Amino acid sequence: MATTEVPPPSVPVHPDDAADHERHEQLEAVWGDPPGILGFFKTVDHKRIGIRYIYTSFIFFFIAGLLALVMRAQLAQPNGTVLGPQSYNEFFTMHGTTMIFLFNTPVLAGFGNYLLPMQIGTRDMAFPRLNAFSFWIFVLSGIFLYSSFVFGKAPDGGWFAYTPLTDRVYSGGVNLDFWGLAVIFTGISTTVGAINFLVTTFKLRAPGMTLNRLPIYVWSMVVFSFMVLFAVPVVTTAAGLLELDRLFGTQFFVPAHGGSTLLYQHLFWFWGHPEVYILFVPATGMVSLIIPVFARRALAGYIWIVTALVAVGFISFGVWVHHMFATGVPSLAMSFFSAASLIITIPSGIQFFAWIATMWRGVVKLTTPMLFMIGFLLIFLLGGISGVMVSVLPFDWQVTDSYFVVAHFHYVLNGAVVFPIFGALYFWLPKMTGRMLSERLGRWSFWTMFIGFNLAFFPMHILGFLGMPRRIYTYPGGLGWDTLNLIVSIGSLVFALGTLLTLINFFWSRTRGEHALPNPWSADTLEWATTSPPPDWNFEAIPLVESRHPLWDQQPLPVCASEPGPGLEALGPEGALARTTPFTTGLRAEPADTMHIPEATYLPFILAVGVAVIIVGLLIDAVLVGVLGLAIGGVGLLRWAWRTGEH
Amino acid sequence: MTTTDPAVGRPEAPGLVYSPPVPLLVPVPPPPPAKRRGYSTGFWGIALVITTESMIFLALLASYFFLRATSHQWPPPGIEKPDLQTGWIFSVVLIGSSIPVLWAEVAIARGKVGQLRAGLMISFLMGTAFLLYTYDDFQKLHFGWKDNAYASIFYVTVGLHSLHVLAGLLISLVTQVKAWLGLFDAEHHVSVQIFSLYWHFVDGVWIFVFSSLFLSAHIR
């Protein structure tokens, strides 16, 4: 077979003739951003936004990781003196809050932003401006939350901020207000993103991409988005009511005036448990996409995995009370939620066996992304087993609020989410930056992370059995905890070094890495049909999909031509020149209409600043600032509403 | 076998063969439909906004019943049950205001701009009447939202709904200005569809809020 590399003709990188060159320049003029710093604030391109999402959330990942390292330094020995109790409280609160709200959720949204439109074969998201808006909201909420450190008023009530500890009587300062407002703030970003993913998936797929040809990762983002839509408003309500109690003196969570502290826990965990799966489901979507590529065969049990994903989405809304087994809820309710928590392991098990079957029947190539996938399988197995253990009532009563629980949720949230994300970095960064990462450094990074991870978190199970409670800032010697704690601290350092190796690898690759081919891994999904990095318009002509694995089954990949008629104008290169993308029907993906993609604009940034000013106004209790924010946001919104559709 | 990649200028990795797609400009198999099909992205967007906002109201109503279930007397001593008489009337006004919107939407689909303007205006007036009633109702309440949990959940739920009515009225204003400027015709009226759906949502939520906070308080 000829291996002469020629760039795909639909996206000429090095145009051979003048006509190609001219067309390329026209496309650049239509799709490119305004140059310089102005263009930075105006962009609505899903790839730039996606990459910014990923980079920004990794900044938060490393900050929150540093917080964890300082905490482990404090706990490495009995009677540590690195941190005082107040700082320790602030550190663990910020560590958890950052990892959930500012790393895990947005990094997955970032990958979704980058990959989803390309995997379904379209030129941008359904709402490009809202996409930019949700990114700016995320950045500003992160800055808002971290500004609390500057004022020495970081939140200190734990990442779930239980009342009555967090009400205005027992937590007087603005510390918890930073937390509550930031939760509401990031919720806007996540919700807007979810709406965008759903409409994009159901209305912008390439012709022929029926629902049963949807890449599994896109399915996982669909489930993610539906779960976000139903879960996030409830935590917004919880944080909103908490803030009303704190700022305006309402009595929702004050038992002396008819309020209920348990109500807060119900509202919080009604979001909190689905949230675990909100993070986990897209991670499994990545796994289901990456494993088949390196097992060199199609995923085993596609239908089963999709069904399992949807089932997880539903069942995860029926398990939240297992976080509250020790609060004295009625025993009938506890039995129900315990049973539901056991049942949810079945769909997860189905996925697990499908991954094993895929590797079993395939020819596994142990590249770095694949190593991270296999590492994920092992870690997820342990995290899943400890999850089954804590869903059993008597066991939960023994270990609740101990280090066993800390070990469990780090195995699932750190291990089973962060490992796929690192694998995804090695897999997709070549597409994003156009440079391959170093395999050798990648392997070092994986093994360091894997060993460090287990060294850091496995002994925590035993510490839990030995009675070490979570959230203590120090402990006396001689309780049998000393050695294990030292091992945990060393492990956390090793794990951190492993992540650092990937960071170094990333910077190394930017200048020294091999140039990435359009499809360096011989993968099957449509993002690999573009150059690395892809052009602003993704696809000059929209591909015609006839298979679940277009790049495996459809060689050469057919692309559509523009024709007169509703929905057909945008299919070919003429559609790209007109800055449009086809609009297809929800189930069968037949062309139905043409969508114009909005030009770059300041509106999303202005609106996000307006929201941020309102939030700051609430924090410092200044009506004028709030009104100013409303004015900024109102003007932006009005302008936006005016332009919507122009008709 | 290694060959040099002319585009990138480096040897190609063995085993990772990329064969480029030949541009086959093929006609799309399904025959082109005569008419544009399906709702716009904006319509689906607002439908999902409504989905997620419904969850906020669901959370608030669930909180209402949770607080009620954990208290001995509901409403708490010293607070009388919510007044139903004017409530009924204005509930009918608000829910009825969906009808002119439906009428207007059907009209614009047939290109009748005059009917659209009239329908939007009538529903706007009905919505405004409801908002004034809510304001008046709040003025008459003899308890403040800091008094107890009942007062808090009552103020916040009804208040949040009023904010939604206000938002609906503002969207209506933008849509009406566009209607008077003649921006809509039978083919292009996404803004009308968006407003219509949102307004039905605002009305529909009131059925649940009214049943829970007003009617159910009278049930023992």
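**Exercise 1. Thr43(A)**

Take Thr43(A) in this predicted model and decide from its relative accessible area whether it is buried or exposed. Then describe what surrounds Thr43(A).

*Solution.*
1. Start with accessibility: the relative accessible area of Thr43(A) is 2%. The cut-off for buried is under 20%, so Thr43(A) is buried.
2. Next, place Thr43(A) in the chain. It sits in the loop between helix H2 (36-42) and helix H3 (46-75) of chain A.
3. Now list the contacts, leaving out residues up to four places away in sequence. Thr43(A) touches Asp33(A), Arg48(A), Ile49(A), Arg52(A), Ala132(A) and Ala600(A).
4. Pick out Arg48(A) from that list and look at polar atoms. The side chains of Thr43(A) and Arg48(A) make a polar contact at 3.3 Å.
5. Finish with a long step along the sequence. Ile606(A) is 563 residues from Thr43(A) along the chain, while 13 Å separates their C-alpha atoms.

**Exercise 2. Two side chains that reach a backbone**

For Thr175(B), find the backbone oxygen that its side chain reaches. For Asn519(A), find the backbone nitrogen that lies 2.8 Å from a polar atom of its side chain.

*Solution.*
1. Begin with Thr175(B), which belongs to helix H5 (residues 149-180) of chain B.
2. Check its accessibility: Thr175(B) counts as buried because its relative accessibility is 2%.
3. Follow the side chain of Thr175(B) to the oxygen. The partner is the backbone oxygen of Ile171(B), at 2.6 Å.
4. Add the surroundings, setting aside neighbours within four places in sequence. Thr175(B) is in contact with Leu120(B), Phe184(B), Ser191(B), Val192(B) and Phe195(B).
5. Move to Asn519(A), found in the loop between helix H16 (482-512) and helix H17 (550-553) of chain A.
6. With 6% relative accessibility, Asn519(A) counts as buried.
7. The nitrogen we are after belongs to the backbone of Ala523(A), 2.8 Å from a polar atom of the Asn519(A) side chain.

**Exercise 3. Backbone geometry worth a look**

Which peptide bonds, one ending at Pro533(A) and one at Pro75(B), are cis? Then compare the settings of Ala589(A) and Asp621(A), two residues for you to check for the sign of phi.

*Solution.*
1. In chain A, the bond from Ser532(A) to Pro533(A) is cis, and its omega is near -10°. Pro533(A) lies in the loop between H16 and H17 of chain A.
2. In chain B, the cis bond joins Trp74(B) and Pro75(B), with omega about -5°. Pro75(B) is in the loop between helix H1 (41-69) and helix H2 (85-96) of chain B.
3. Turn to phi. Ala589(A) is not a glycine, yet its phi is positive, about 55°. Its place is the loop between strand E2 (580-584) and strand E3 (591-596) of chain A.
4. Asp621(A), also not a glycine, has a positive phi of about 60°. It is in the loop between helix H19 (603-619) and helix H20 (623-643) of chain A.
5. Finally, consult accessibility. Ala589(A) counts as buried because its value is 2%, whereas Asp621(A) counts as exposed because its value is 59%.

**Exercise 4. The largest cavity**

How many cavities of 30 Å³ or more are there, and what lines the largest cavity?

*Solution.*
1. Count first: there are six cavities of 30 Å³ or more.
2. The largest cavity holds about 120 Å³ of space. Its lining has 13 residues, and Ile216(A), Leu289(A), Leu299(A), Asp524(A) and His549(A) are the closest to its centre.
3. Sort the lining by class: eight residues are nonpolar, three are polar and two are charged.
4. Ask which element gives the most to this lining. Helix H8 (residues 261-295) of chain A does, with four residues.

**Exercise 5. Chain B as a whole**

Summarise the elements of chain B, its burial and its exposed area.

*Solution.*
1. Chain B has six helices and one strand. Read from the N terminus, the order is β-α-α-α-α-α-α.
2. For burial, 47% of the 220 residues of chain B count as buried.
3. Consider contacts between residues at least 6 apart in sequence. In chain B, 78% of these join residues at least 24 apart.
4. Close with the surface: chain B exposes about 10600 Å², with 69% supplied by carbon and sulfur atoms.

Key: Residues numbered from 1 in each chain as written. Chains lettered and ligands numbered in written order. Predicted model: local features only at pLDDT ≥ 70, side-chain atom pairs only at ≥ 80, totals over all residues. Heavy atoms only, no water. Helix = DSSP H or I, 4+ residues; strand = E, 2+ residues; numbered from the N terminus. Buried < 20%, exposed > 50% of the residue type's maximum accessible area, 1.4 Å probe, protein only. Contact = heavy atoms within 4.5 Å. Areas by Shrake-Rupley, 256 points an atom, 1.4 Å probe, with all protein chains shown as cover. 1 Å grid on protein atoms, 1.4 Å probe; cavity = no way out; pocket = protein on both sides within 12 Å on 5 of 7 lines; lining within 4 Å. Points joined across faces, edges and corners; volume = space filled by probe spheres on them. Nonpolar A, V, L, I, M, F, W, Y, C, P; charged D, E, K, R; others polar. Polar contact = N/O pair within 3.5 Å; in protein donor to acceptor, adjacent residues only side chain to side chain.
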